[in-house]
Amino acid sequence: MSAVSKKNKSQFGNIFKIIATAIKEDVPCGDITSRHTVPIKAGAEGYAISRDDYVVSGIDIARMIYLHVDNNIKFKSFFKNGQFIKKGQKLYSVKGNARSILLAERTVLNIIGHMMGIATKTRKFVRLVKGTKTKILDTRKTVPGIRILQRLAVKDGGAFNHRFSLSDAVLVKENHISICGGIKKVLKKLSHLKNIRTEIEIRNLDELNEILGSKFQPDIIMLDNMSPAMVKKAVKINKKRVKLEVSGGVNEKTIRTYA
């Protein structure tokens, strides 16, 4: 098995765990309302209709949830992830056992509503830097337990994923530098690393010059909470030697200036 297929297998395994946990959380002992009001063999058919304009995300997750609850449910999507849906349009349809559909319904809507919100917000930022060479990336500031879904939504919005966890790459931040005793000591400790992506967060241009003047060069230098004017100076000093990342102070009003 290749590394890629192992990664995909692990990813889907995590998604299945999230789905199982979500259903268990909502239905720990069965749906007692449907049990007492809906005939056990009753059938139903329904549609999910968008209440606003969104970027579609999580449509495959919705299908997985319904089939996890009842493999006989017929699920049909009218849009693909990353496409734009307008208010009032049908997102998907479901047909099957009424109790099963009602059991899965809220979990599906909670998850795809969350993912589509992220994808739509992400697309807005992606459009704001259109025409530049800037890429939008996510962070680890996610809701615990559902990071993988949030990262998928970011990609559906047209942006890119940063490291998934602390195990994926070296990202030296202000606390690491302070504890280690300064950037010089950090660079010395990192100099032996091979085949591991490294990134160092800096707070001023002196630290940038210190890194660029060393033998060890990280893959990325993060410019933390710097003004657009300082970022512009950093770009000139860097001369395209190392990838630069901007973090802090970036919002809809400032992102184009930073880009």
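Let's start on the outer face of helix α9. The side turned away from the helix's buried side carries four exposed residues: A229, K232, K233 and K236. Please keep in mind that everything I show today comes from a predicted model.

Now let's turn α9 around. Which residues of this helix, running from 228 to 238, are buried? They are V231, A234 and N238. Those three cover an arc of only 55 degrees around the axis, so they sit on the same side of α9. If you have the structure open, try looking down the helix axis while you find them.

And what do these buried residues pack against? There are two helices on the list, α8 at 205-212 and α10 at 255-258. The strands β8, at 220-224, and β9, at 243-247, are there as well. Just after α9 comes K239, and its phi is positive, near 55 degrees.

Next, let's move to another spot, S50. You'll find S50 in the loop between β1, which covers 43-49, and β2, which covers 54-55. Is S50 buried or exposed? Its relative accessible area is 9%, and buried means under 20%, so S50 counts as buried.

Who are its partners, then? Leaving out residues up to four places away in sequence, S50 touches I85, K86, K87, G88 and Q89. Take K86 from that group: it lies 36 residues from S50 in sequence, yet their C-alpha atoms are 6.9 Å apart in space.

That brings me to the whole chain. Among contacts with a separation of 6 or more, 64% are between residues 24 or more positions apart. As for secondary structure, the protein chain has 10 helices and nine strands. Its radius of gyration is 23 Å, well over the 18 Å that the globule rule gives for 259 residues, so the chain is more spread out than a compact globule. You can also picture a box: along the principal axes, the C-alpha atoms fill roughly 75 × 35 × 30 Å.

How much of the chain is buried? Of its 259 residues, 36% count as buried. On the outside, the chain exposes about 16000 Å², and carbon and sulfur atoms supply 54% of that area.

Let me finish with charge. The protein chain has 49 positive and 22 negative charges, and the mean positions of the two sets are 5 Å apart. Remember the helix we began with: K232, K233 and K236 are among the exposed residues on that face of α9. Thanks for listening!

How values were computed. Residues numbered from 1 in each chain as written. Predicted model: local features only at pLDDT ≥ 70, side-chain atom pairs only at ≥ 80, totals over all residues. Heavy atoms only, no water. Buried < 20%, exposed > 50% of the residue type's maximum accessible area, 1.4 Å probe, protein only. Arc of directions from axis to C-beta. Contact = heavy atoms within 4.5 Å. Rg over C-alpha atoms; globule rule 2.2 N^0.38 Å. Areas by Shrake-Rupley, 256 points an atom, 1.4 Å probe, with all protein chains shown as cover. Lys, Arg positive; Asp, Glu negative; His and termini not counted. Charge placed at Lys NZ, Arg CZ, Asp CG, Glu CD.
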